[in-house]
Amino acid sequence: MTGISWKDFIEVGKKVYEKTGKYLLCMDGDGNDLFYMMLQAEGESQFKDGKPKFVDNAKLKEIMQVLKDMIDNNVLYLANNWSDYTDQVIQGDMVAGVMNGNWIIPTIEKVTDNSGKWEITSLPTLEGGEGYASNGGSSLYITSNCKQTDLAKKFLAYTFGGGSYTDKGVSETYDNALKNGGVITTYTPAGKSEVYNEGVEYFNNQPIYAKIVEMGANVKTIEQSDFHYDARKKLATALINITQNGADIDSEIKTAEDDLKFTMGL
């Protein structure tokens, strides 16, 4: 499954469904994480110069077609909502795979009987080759009402930034955050630590955390927008209209772009 094209992925998915009655992949039809990640893996954004880029976006149209093909061929299960996606699909027995940020791992691990049966790899791409994307995450901030700003800055510099990973404060913070809180960093040097390189039993003893950090370093930079989630919802609606109502792809993409422009006041 590593480094293949979406076309090849669909062929594998057809066989999985034929032999098992299970879908190879699932996505939340309301939130539409997968669409965004597939697009990012191609180095393409939903925006250009602060404006929606749906209509004049060949990659976006290709991905919409791939999603339609996966749904039509029982390769992709389109969940009704987030609860359906996590509780019934991922933790149930409807699908064989998930593509999302590493924060989905605890949800997968709740099904203890599946320990040792999972592994991770990169995304397929349209032309074939390993694809990488980032979906979600978190940041640390010093708020405006902080009474000791300089001390707060020194604390963050000592624990999460500033120094080399070999510095005791930095390395201990990242290692302990992973061991005790399941917090995975995108700080590339952390992936070389013994803690990050330990095999994870649930994932067939793969050192998944070192792998995730390595993958994160390969994610392409694309234009982002405060209207990111609005864009995803518009495209989710377009996909549902295309796959469930037989609507035309080009017209739905245009409608989605027009709706987003209206939301953005353009």
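Helices here are DSSP runs of H or I with at least four residues, strands are runs of E with at least two, and both are numbered from the N terminus. The model is predicted, and the exercises below follow it from its loops to its interior.

**Exercise 1. Find the place of Asn74, state the sign of its phi, and decide whether it is buried, partly exposed or exposed. Then do the same for Asp49.**

Solution. Step one is to place Asn74, which lies in the loop between α3 and β4. Step two is its backbone angle: the phi of Asn74 is near 60°, a positive value in a residue other than glycine. Step three needs two cut-offs, since buried means under 20% relative accessible area and exposed means over 50%, with partly exposed in between. At 27% relative accessibility, Asn74 therefore counts as partly exposed.

Asp49 is found in the loop between β2 (47–48) and β3 (51–52). Although Asp49 is not a glycine, its phi is positive, about 55°. Its relative accessible area is 67%, and therefore Asp49 is exposed.

**Exercise 2. Decide whether α2 is largely enclosed or open, and name elements that cover its buried residues.**

Solution. Begin with the residues themselves: the buried ones in α2 are Asp33, Leu34, Phe35, Tyr36, Met37, Met38, Leu39, Gln40 and Ala41. That is nine of the nine residues of α2, so this helix is largely enclosed by the rest of the structure. Next, look at what lies over them: the cover of these buried residues includes α1, β1, α3, β4 and α9. Finally, follow the chain onwards, where α2 is followed by Gly43, whose phi is positive and near 75°.

**Exercise 3. Compare Leu60 and Lys19 by their helix and by whether they are buried or exposed.**

Solution. Leu60 lies in helix α3, while the place of Lys19 is in helix α1. The relative accessible area of Leu60 is 0%, and so this residue is buried. For Lys19 the value is 73%, and so that residue is exposed.

The next step is to look around Leu60. Leaving aside neighbours within four places in sequence, Leu60 is in contact with Phe35, Leu39, Lys53, Phe54, Leu235 and Ile253. Leu60 and Met38 are 22 residues apart in sequence, and their C-alpha atoms are 8.9 Å apart. For Lys19 and Ile253 the separation is 234 residues in sequence and 35 Å in space, again C-alpha to C-alpha.

**Exercise 4. Describe the largest nonpolar core: which members touch the most others, and which elements give two or more residues to it?**

Solution. A general idea helps at the start: in soluble globular proteins, nonpolar side chains tend to be buried together. The largest nonpolar core has 40 residues, of which Trp6, Phe9, Leu34, Met64, Leu67 and Met70 touch the most other members. The elements that give two or more residues to this core are α1 (6–20), β1 (25–28), α2 (33–41), α3 (58–72), β4 (76–79), α9 (228–245) and α10 (249–264). Apart from this core lies another, of 28 residues, among them Val98, Ile184, Val195 and Phe203.

Now take one member more closely. Not counting residues up to four places away in sequence, Met64 touches Phe35, Leu235, Ala238, Leu239, Ile242, Ile249 and Ile253.

**Exercise 5. Give the volume and the classes of lining residues, first for the largest cavity and then for the second largest pocket.**

Solution. The count comes to one cavity of 30 Å³ or more, and the largest cavity holds about 40 Å³ of space. Its lining is made by Cys26, Met27, Asp28, Asp33, Leu34, Trp82, Tyr85, Met99 and Asn100. Two or more of the lining residues come from each of β1, α2 and α4 (82–90), and β1 gives the most, with three residues. Sorted by class, this lining has six nonpolar, one polar and two charged residues.

The second largest pocket holds about 160 Å³ of space. The residues that line this pocket are Asp28, Asp30, Gly31, Asp33, Trp82, Trp103, Asn135, Gly136, Tyr229, Arg232 and Lys233. They divide into three nonpolar, three polar and five charged, and the largest share, three residues, comes from α9.

**Exercise 6. Locate Ser225 and say which backbone nitrogen its side chain reaches.**

Solution. Ser225 lies in the loop between α8 (208–216) and α9. From there, its side chain reaches the backbone nitrogen of Phe227 at 3.0 Å. As a last step, consider Lys51, which is 174 residues from Ser225 in sequence and 8.7 Å from Ser225 in space, C-alpha to C-alpha.

Notes:
Residues numbered from 1 in each chain as written. Predicted model: local features only at pLDDT ≥ 70, side-chain atom pairs only at ≥ 80, totals over all residues. Heavy atoms only, no water. Core = buried A, V, L, I, M, F, W, Y, C linked by side-chain atoms within 4.5 Å. Buried < 20%, exposed > 50% of the residue type's maximum accessible area, 1.4 Å probe, protein only. Contact = heavy atoms within 4.5 Å. 1 Å grid on protein atoms, 1.4 Å probe; cavity = no way out; pocket = protein on both sides within 12 Å on 5 of 7 lines; lining within 4 Å. Points joined across faces, edges and corners; volume = space filled by probe spheres on them. Nonpolar A, V, L, I, M, F, W, Y, C, P; charged D, E, K, R; others polar. Polar contact = N/O pair within 3.5 Å; in protein donor to acceptor, adjacent residues only side chain to side chain.
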